[in-house]
Amino acid sequence: MARKAVSALFFDRYPPYPTALRRQCRLHANDSGGAKRGYGLRYDAAIIGAGAEGLAAAILLGRAGLRVLVIERGSHAGGRLVTREFHPGFRASPFVDDIAEIPPRLFWSLDLARHGAIVAPPRVSRAVWQDRRHEIKFGENAEAAALLAVSARRRAEIAARVDSAAKTAPSRPLFLRRDPERWPAEDWATATLDGVLASAPLAPDAAAHLAALALSQSIADPFLEGSALHLLAAGASGHRLAGGPARLGEALLLAAQSAGAEFSFGLEASDIHRRNGRITGVGLADGSEIAAQTVISTLDLKRTFLTFFAWNALPPPLVRGVNAFRMAGSTARVLFAVARRLAEDGPIHVAPSLSRLSEAFQAWRAGVAAAHLPVTLNVVSARDPRLAPPSFSVVTATMGAIPFRLFDGAWTHEKREQLRHRATEALEFVWPGAGGSVVASDVVAPPDIEEAFAATDGDLLGGEIAGDQMLGAGPWSELGPDRVLPRTPVAGLYLAGSHLAAGAFATCAAGAAAAHALLADRARGWLR
Amino acid sequence: MSAPYDAVVIGAGVNGLAAASYLAMAGKRVVVLDRREAPGGLSETAHALYALDPSVVRELKLARRGLRFAVRDMPLVGLRNDGKHLLLSRDAYASARSVAVHSQNDAKAWTGFRRDWFTLARAMRALWWHAGRKDADLAIHDARVTHFARMGASAWLDSWFESDAVKATLGFDANALSPLAAGSAMLLVWRAAQEMCGLQGAVAFPRGGLGAAIDAFASTARIAGVETHTGSAVSNILLGRDGAVRGVVLLSGDVVEAPLVLSSLSRRRSLSFASVRATLDFGEAAALAHAHAGVQTARVTLELDREPQIVGSAVPARGRFIVAERLESLAHAHAAAQTGRLPQELTLEVILPAAADPTLASPGCHLVSVLITPLPAQIDGGWRGAKALLAAKVVAALSRHMPGLSAHLVGVDVLTPDDVRESYDADDAFGGAVDARRLLADWRSRVRTPVPGLILCGAAVDPVGAVSGRGGRVAACFAFERETQR
């Protein structure tokens with residue numbers, strides 16, 4: 001124990017210490033293994049989850065000289081950025097085809113280009129209806145460009161605001177009035193999507209296409225107030241990656257390793273230990289404990305607070321706020337191996353009308369998959385030919401408005417078959433005859449997404465996109481101004497999941513914000 | 001009518017009469033013009049007093065003009081299909097006991113929720129109707145207020161309660177928006193901010209019905225020296241060469257000159273007068289074109305030859321009964337209304353006026369007054385054809401709670417959204433669609449129009465959807481402020 005105290009003192013006093021010494025310590029810690037893991041070494045930060053956000057946080061913290069351990073329950077890093085062979089010779093990412101934009105400055109500060117990640121903005125998006133089609137060329141289409149530009153600017157402003165709030169450790173004004181909370185997209189948080197589109201100078205087709213873009217990953221009734229906030233998603237996603245999503249995962253992992261982060265694979269974090277209001281470590285599923293001063297959780301808000309803490313360990317208002325946080329998992333995916341060469345770049349939205357989207361929302365709330373679902377088709381092999389054998393292609397169908405909890409019970413085999421059938425219909429609708437040349441297919445239902453990522457309700461955006469959840473301070477805004485996301489009411493615990501606007505519409509931004517908040521608090525001496 | 005006036009008020013509703021009374025009491029010569037034959041306007045379609053402003057009652061001395069209350073505080077009763085009716089009265093512990101029938105957890109949460117709800121509502125009053133007070137501008141900057149403005153009623157109620165009974169009964173009061181829409185939590189707060197008879201969030205029933213309350217306003221105006229001309233519809237607003245208001249043109253061709261026009265029509269209708277529309281710039285004209293009407297309401301009055309008996313657990317006859325089984329039924333009704341269909345499950349508010357004030361009905365005759373909302377503005381085949389269907393659906397929905405209702409039915413009176421539009425020159429009771437941004441707007445921006453001298457004084461100023469008189473008061477405040485600035 002004495003040795004530990006001395007070494008901790010030493011390292012706290014003299015960071016950053018020589019790399020060679022650091023390597024040695026780590027080697028020693030890893031070799032000790034098992035229940036003794038971490039003995040004699042306390043990590044400055046434990047990061048739960050080795051997805052894009054966790055790795056981004058690890059890179060930033062590691063580079064700042066902190067001892068970082070990334071805890072991942074799976075056998076490899078990358079989170080949703082994986083590519084899987086779903087049929088011999090055919091590969092695709094089961095969960096996402098393309099990612100939301102990485103803010104440019106963050107992309108360069110993470111040093112991703114050197115490790116082989118190349119991200120390109122989306123080029124084109126198509127929408128298809130029964131009798132007509134519409135195409136938006138990003139950067140060229142003057143009609144939709146105005147609204148898309150507004151959306152992009154607001155996204156950037158929100159991300160910048162979240163990051164700057166994280167970097168400046170909040171002062172605690174006891175008697176001062178709080179600054180008015182003005183968020184860049186505030187007017188969208190109380191407007192209807194239908195109304196915003198109607199008041200913009202848009203042709204009906206372009207408006208419907210923008211609605212399909214806005215609601216391609218999430219679910220809302222376009223006639224309800226607050227649904228305009230989904231416009232933030234229009235044009236946010238669709239950033240293409242050279243070599244597919246897996247390549248970005250590799251680049252992040254390499255960068256994290258070269259920044260000096262350590263990894264623990266195969267064991268799930270089970271609880272966060274606290275003593276005297278301070279975090280002391282993370283308990284793993286095998287009963288061992290990793291000593292750590294701070295924890296960054298990349299899981300969603302519900303999962304973090306409801307699984308890592310005993311039910312009576314947190315103050316009741318916090319638990320109530322977390323319980324009331326709304327998740328809105330609504331996507332399912334079908335991966336197709338098609339014996340045909342398809343070469344269309346960019347997503348194709350098989351888009352229902354606004355009133356159909358409204359009906360789909362109502363059905364989704366009732367636990368029913370509606371008669372008309374929004375489906376987005378992506379020929380992933382057209383972007384990356386290595387994913388399919390020559391003269392074959394891989395097409396993914398992302399279906400919206402799929403409830404996580406069905407009104408009539410679990411996601412059985414028959415219901416998954418129905419999903420497959422409906423996705424095939426959409427495929428057939430866009431490329432007549434392609435439905436017959438499907439070699440193999442794979443269904444990813446919402447429960448699969450929940451299981452794969454521990455994402456509550458299979459919601460990859462980390463919560464319902466609503467003004468009261470995604471803008472502002474999160475569910476504990478009432479507890480005080482010094483606890484604003486990514487900070488939490490638990491001192492030393494930071495959230496890096498995509499639970500706030502910055503995370504839902506930008507990759508790596510939530511992880512970076514959490515890392516910046518942690519560093520700012522350390523610099524203030526709050527965590528010593 | 002040729003005498004020069006200081007102000008013309010369009011519409012002799014409660015707000016118009018209140019605004020005219022305030023101006024007349026300050027020594028102005030005011031004329032009120034109404035297209036209908038009797039004063040009252042949309043207030044005639046209301047069936048209880050939800051939000052009469054206490055300062056209006058005091059300042060206009062309405063009590064001296066005969067405003068009395070038969071019931072000062074009608075308890076909120078949720079009629080449930082299973083017969084376990086929910087009774088939410090001012091007695092927090094009795095209410096909690098009634099809630100406990102549905103859920104123990106909700107009963108525990110009830111007092112905390114009520115305290116939270118009422119406290120926030122009191123804080124919001126400063127913003128909403130203390131026109132001219134400095135702290136009105138401060139309240140809007142509170143973080144909690146903005147948080148609420150972006151929240152749906154469903155999200156808020158879900159965070160406190162688990163039983164449908166409590167959520168649906170409370171959620172009905174946020175019915176100007178779907179409970180899923182952002183900002184509907186603010187409408188619940190708005191409801192609790194009202195003060196009736198000195199009681200927060202109360203609903204009162206005036207002695208002699210709503211007509212008596214309107215008479216009190218009319219006689220106040222008369223005694224203050226306001227001229228009221230009924231049966232004279234305004235066809236246009238007269239603008240001077242400098243763009244300022246000079247008076248109004250009547251449908252008969254007469255011109256009434258005045259430098260100030262107060263309109264109790266909605267913002268859309270006030271700005272749609274031909275002369276006004278010509279002066280709007282592009283942005284304002286576009287906003288006008290996209291303005292849509294608020295939630296639509298219908299009234300059905302049933303006349304019975306026997307006192308209506310409510311089956312199930314005992315409830316007071318002087319209550320305000322809500323028929324909405326779940327919050328989802330409200331959301332579905334809104335979605336149906338959006339697409340122009342009659343909702344599968346009607347959500348109703350029921351009052352028994354004869355039980356509240358026995359003088360209202362002749363002996364042996366009993367009344368059931370039903371408010372149905374939300375409804376579509378237009379319906380397939382027109383509202384004229386759907387009238388009977390609506391009445392039948394209402395009777396069917398009520399028969400579950402009042403068995404034998406149809407056997408004792410003597411008369412039915414239906415007022416559809418179409419009737420409201422045609423006879424009252426209004427799209428809805430709220431003066432336009434209600435949303436959070438409108439609720440949080442500065443009071444001056446609600447009153448003001450782009451035309452100098454044209455002021456709004458109706459429901460558009462105070463989107464409460466009920467008889468309040470506050471719109472008139474705020475408009476008069478604005479007019480005085482404008483005068484002193486000159």
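How many residues of chain B are in contact with chain A? Keep that question in mind as you look at the model, which is a predicted one. Here are some notes to help you find your way around.

1. **Where the chains meet.** On the chain B side, 26 residues are in contact with 26 residues of chain A. Several helices share the work: α6 (143-149), α7 (153-160), α13 (282-290), α14 (327-338) and α18 (436-439) of chain B each give two or more residues to the side that touches chain A. The top contributor is α6(B), with five residues. If you sort this side of chain B by class, you will find 11 nonpolar, 10 polar and five charged residues.

2. **A look at chain A.** Chain A has 17 helices and 18 strands. It has 528 residues, and 54% of them count as buried. Now take the contacts in chain A between residues with a separation of 6 or more: 75% of these join residues 24 or more positions apart. It is worth picking a few such pairs in the viewer and following the chain from one partner to the other.

3. **The two domains of chain A.** Domain 1 of chain A is assigned to 2-83 + 244-325 + 463-524, and domain 2 to 84-100 + 116-148 + 185-242 + 327-458. Try colouring these segments, since each domain is written as several pieces of sequence. Between the two, 26 residues of domain 1 are in contact with 31 residues of domain 2. On the domain 1 side, α8 (245-258), α9 (301-308) and α15 (467-470) of chain A each supply at least two residues. Of the elements on that side, α8(A) gives the most, with six residues. The domain 1 side divides into 13 nonpolar, six polar and seven charged residues.

4. **The three domains of chain B.** Chain B is divided into domain 1 (7-70 + 208-291 + 430-485), domain 2 (95-198) and domain 3 (295-424). The centres of domain 2 and domain 3 of chain B, taken over C-alpha atoms, are separated by 25 Å. Where these two domains touch, 13 residues of domain 2 are in contact with 14 residues of domain 3. The helices α7 and α8 (164-171) of chain B each supply at least two residues to the domain 2 side, and α8(B) gives the most, with five. By class, the domain 2 side has six nonpolar, five polar and two charged residues.

5. **Helix α8 of chain B.** Is this helix enclosed or open? Seven of the eight residues of α8(B) are buried, so the helix is largely enclosed by the rest of the structure. The buried residues are B:Ala165, B:Val166, B:Lys167, B:Ala168, B:Thr169, B:Leu170 and B:Gly171. Notice that a lysine, B:Lys167, is among them.

6. **A pair of crossing helices.** You have met α7(B) at the side of chain B that touches chain A. Its axis also comes within 6 Å of that of helix α9 (residues 184-193) of chain B, and the two cross at roughly 75 degrees. An angle from 65 to 115 degrees counts as roughly perpendicular, and α7(B) and α9(B) are therefore roughly perpendicular to each other. The contact is made by B:Ala153, B:Ala155 and B:Trp156 of α7(B), together with B:Ser184, B:Ala185, B:Leu187 and B:Leu188 of α9(B). Six of these residues are nonpolar, one is polar and none is charged.

7. **A sheet in chain B.** Look for an open sheet of five strands in the order β9-β2-β1-β13-β19, with parallel pairing. Its edge strands are β9 (227-230) and β19 (454-456) of chain B, and each of them pairs on one side only. From one strand to the next, the twist averages 20 degrees. Inside the order, β1 (residues 7-10) and β13 (residues 261-263) of chain B pair in the parallel sense over three bridges. There you can find B:Val9 opposite B:Leu262 in β13(B).

8. **One residue to finish with.** Is B:Thr119 buried or exposed? This residue sits in helix α4 (residues 104-129) of chain B. B:Thr119 has 11 C-beta neighbours inside 10 Å, so it counts as exposed. B:Thr119 and B:Val189 are 70 residues apart along the chain, with 9.4 Å between their C-alpha atoms.

Note on methods. Residues numbered from 1 in each chain as written. Chains lettered and ligands numbered in written order. Predicted model: local features only at pLDDT ≥ 70, side-chain atom pairs only at ≥ 80, totals over all residues. Contact = placed C-beta atoms within 7 Å. Helix = DSSP H or I, 4+ residues; strand = E, 2+ residues; numbered from the N terminus. Nonpolar A, V, L, I, M, F, W, Y, C, P; charged D, E, K, R; others polar. Domains from an automatic or database assignment. Axes fitted to C-alpha atoms, helices over the stretch in contact; angles between N-to-C directions. Parallel < 35°, antiparallel > 145°, perpendicular 65-115°, else oblique. Pairing = 2+ DSSP bridges. Buried ≥ 20, exposed ≤ 12 C-beta atoms within 10 Å, placed from the backbone.
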